[in-house]
Amino acid sequence: MSTNLTTKSDVLSKDEEIGYEVSGDDTKRYGVNVISGEDHKTKKESVEEQDNYIKPKNEEEGYALRAVTKYLKVQRSWISTRNKIEKSRSCEGKGVYVYEIPSKFNRDLLVDCIDMVPWTNMCKFFKNDGFGEAIENLGQGWFRTHQYALEPILHSRVLKHPCRVYKESQAKLFYVPFYGGFDVLRWHFKNVSNDVKDRLGIEVLKWLGSKESWKRNAGKDHVFVLGKISWDFRRNKDSWGSSFLDLQDMQNPTRLLIERHPWEVNDIAIPHPTYFHPKTDYDITSWQDKMTSKPRRNLISFAGGARPGDPSSIRSTLIDQCTLFSDQCRLLNCSDGSCDKPENVINLFQDSEFCLQPRGDSPTRKSVFDSLISGCIPVIFDPYTAYYQYAWHLPEDHKRYSVYINQEDVKEKRVNVVEKLMTKTPRQREDMRSYIVHHLLPGLVYGDSNAKFDRFRDAFDITFDNLIEKINKLV
């Protein structure tokens, strides 16, 4: 499913369109006013920033794009600086409570793994706390992790969170281990009614509704982890997915997803799971050393397949340009199953300076994070792929870790991607890769369920540090 800018009218009121203000209901709902006293300056900066990405086709798209930026600024205001200003890892005021909900809401959903997806046996992906089978030839900490494995991965980590508490009265944050993504996935390829698709989500909210801990703050201090994209939980005209995130009781909790709804401030995008799950600081530093010293034999690479049935896709154009400059660009065609082996993808990215990352079925791609942890600079064509998504894990200044090329320029043949990337100097490439490997990489991987990090904060740590900060500010 794609992100349609015109859906902005569905989530912002007419008052917001006219004055770009948040209504009283929205202020109450989000706990903040997304308009500050620096409106005029901020609006001007937002327009300039957005114009670097997308030229709005009409006034409504202009408002929608500015709203995206405003909500991301709100999310960045929740970023914790605790790990920067305090060496202590005290759990005072940071208690995390894990609900013991009936197993039908999580573990039981993994039992029917054999026929969950018609073309593959998902059972192999559920081993090792959701990491999947080990990949021995890539080294320590590498697994065949499925792109939708976020729910069991984070569940296993939260159960061992150093600030976990067992009394609700001691909790600051409440984690609901509902595997909503797998609940959606099990019905994707079966002919069942919408009532069946929505049933389990309604049941878990009914179960929570009986808890005083839920009633106390109307769910504002609760978090759900949903390992798929936001649109899979916002069913519209077709029968795809559930309506879980449109339910009234789901408007206050924080929702962690691999892809967020651009105009939902409580949708927080966190990194797609990669294949790398380090256990110690040494696992990370040794990989960093390898990625900084690795010879890059390819200037550019693209791991993907064409989308001939999608007229808006630029993939065929990228493949044509890559093939034309075969001495500079290496193609791994995913259409023949070559990308099903993580080794093929990771080895390609390790050998490359730049990795092309056009959108797929939705704007975001797991491949973006696979390229980053491999020290390969991602080339982004749609700001919704990364820049409008991962406010907690990627910096606002995207030029530090990526190259942006407008997909419309590619589609209309106004730019040759290979020629453009050839203009980047070796020093520019080295500086970007150094920033990616040394500053970003540790915070983009989900460590082993028994991980012990002293020097680093991984994607899980960053997420829960910021969740606590969000709750402290809003509740």
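**Exercise 1. Place Lys 215 on the exposure scale and find its charged partner.**

Lys 215 is partly exposed, with a relative accessible area of 47%; buried means under 20%, exposed over 50%, and partly exposed lies in between (1.4 Å probe, protein chains only). A word on the source: this is a predicted model, where local features need pLDDT of at least 70, side-chain atom pairs count only at pLDDT 80 or more, and totals for chains, interfaces and linings use all residues. Residues are numbered from 1 along each chain as its sequence is written, and side-chain values use heavy atoms, leaving out hydrogens and water.

Next, look for the partner: Lys 215 forms a salt bridge with Glu 212 at 3.6 Å, N to O. A salt bridge is a side-chain nitrogen of Lys or Arg within 4 Å of a carboxyl oxygen of Asp or Glu. Glu 212 is exposed, at 55% relative accessibility.

Finally, locate the pair: both residues lie in helix α10, 3 residues apart, about one turn of the helix. Helices (H or I, at least four residues) and strands (E, at least two) are DSSP runs, numbered from the N terminus.

**Exercise 2. Which parts of the chain does the salt bridge between Arg 307 and Asp 361 link?**

Start with the contact: their side chains meet at 2.8 Å, N to O. The pair links distant parts of the chain, 54 residues apart: Arg 307 is in the loop between β7 (298-304) and α12 (315-324), and Asp 361 is in the loop between β9 (352-357) and α14 (366-373). Then check exposure: Arg 307 is partly exposed at 29%, while Asp 361 is exposed at 59%.
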